[in-house]
Amino acid sequence: MEALRLILLYAHLIGFALLLGGAIAQYLTGKIRINPAMLWGSVIQLVTGIGLSAPLRDGDEPAPAKLVTKLVLALLIFVMVFFSRKRAEVNRGHFLAIVGLTLLNAAVAVFWR
């Protein structure tokens with residue numbers, strides 16, 4: 001089971017890299033819109049996050065409050081990305097909120113013990 005957890009964690013980190021890297025790349029181009037890397041990153045983050053929340057460890061599961069917080073953040077990010085993906089240009093505040101929530105989700109994962 002540990003191997004499955006590590007594979008899910010690896011995929012989760014790839015999703016984070018796609019989401020944040022895609023957002024930064026798009027922001028630097030000047031035209032703020034949702035690119036495919038951001039969409040796929042948010043999907044990967046959500047799916048692997050749900051998989052990681054399954055009780056795959058022997059009594060060393062994260063706190064339920066942390067899991068719910070991360071799920072709500074991941075769902076917010078996915079919804080914000082999914083429903084904005086076809087717009088020619090996204091509002092700057094909306095786009096920066098996606099980036100901020102992505103960083104907040106990573107901070108919850110790292111600092112909440």
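Is Glu 2 buried, partly exposed or exposed? In this predicted model, Glu 2 has a relative accessibility of 42%, so it counts as partly exposed. Arg 5, by contrast, comes out at 16% relative accessibility and therefore counts as buried, since the cut-off for that class is under 20%.

These two residues are worth looking at together. Side chains of opposite charge can pair when their charged atoms come close. Here the side chains of Glu 2 and Arg 5 form a salt bridge, with 2.9 Å from N to O. Both sit in helix α1, and because they are three residues apart, about one helical turn separates them. Searching the whole structure turns up one salt bridge.

Now let's turn to the empty space. Rolling a probe the size of a water molecule over the atoms shows where such space is left. The largest pocket has a volume of about 760 Å³. Its lining takes in 28 residues, and those nearest the centre are Leu 52, Pro 62, Lys 66, Lys 70 and Ala 109. Four helices each give two or more residues to this lining: α1 (2-29), α2 (36-52), α3 (64-82) and α4 (92-111). By character, the pocket lining divides into 15 nonpolar, six polar and seven charged residues.

There is also an enclosed space to find. The whole structure holds one cavity of 30 Å³ or more, and the largest cavity has a volume of about 30 Å³. You can locate it by its lining: Leu 19, Ser 42, Gln 45, Leu 46, Ala 74, Ile 77 and Asn 105. Helix α2 gives the largest share, three residues. The cavity lining has four nonpolar and three polar residues, with no charged ones.

Note on methods
Residues numbered from 1 in each chain as written. Predicted model: local features only at pLDDT ≥ 70, side-chain atom pairs only at ≥ 80, totals over all residues. Heavy atoms only, no water. 1 Å grid on protein atoms, 1.4 Å probe; cavity = no way out; pocket = protein on both sides within 12 Å on 5 of 7 lines; lining within 4 Å. Points joined across faces, edges and corners; volume = space filled by probe spheres on them. Nonpolar A, V, L, I, M, F, W, Y, C, P; charged D, E, K, R; others polar. Salt bridge = Lys/Arg side-chain N within 4 Å of Asp/Glu carboxyl O. Buried < 20%, exposed > 50% of the residue type's maximum accessible area, 1.4 Å probe, protein only.
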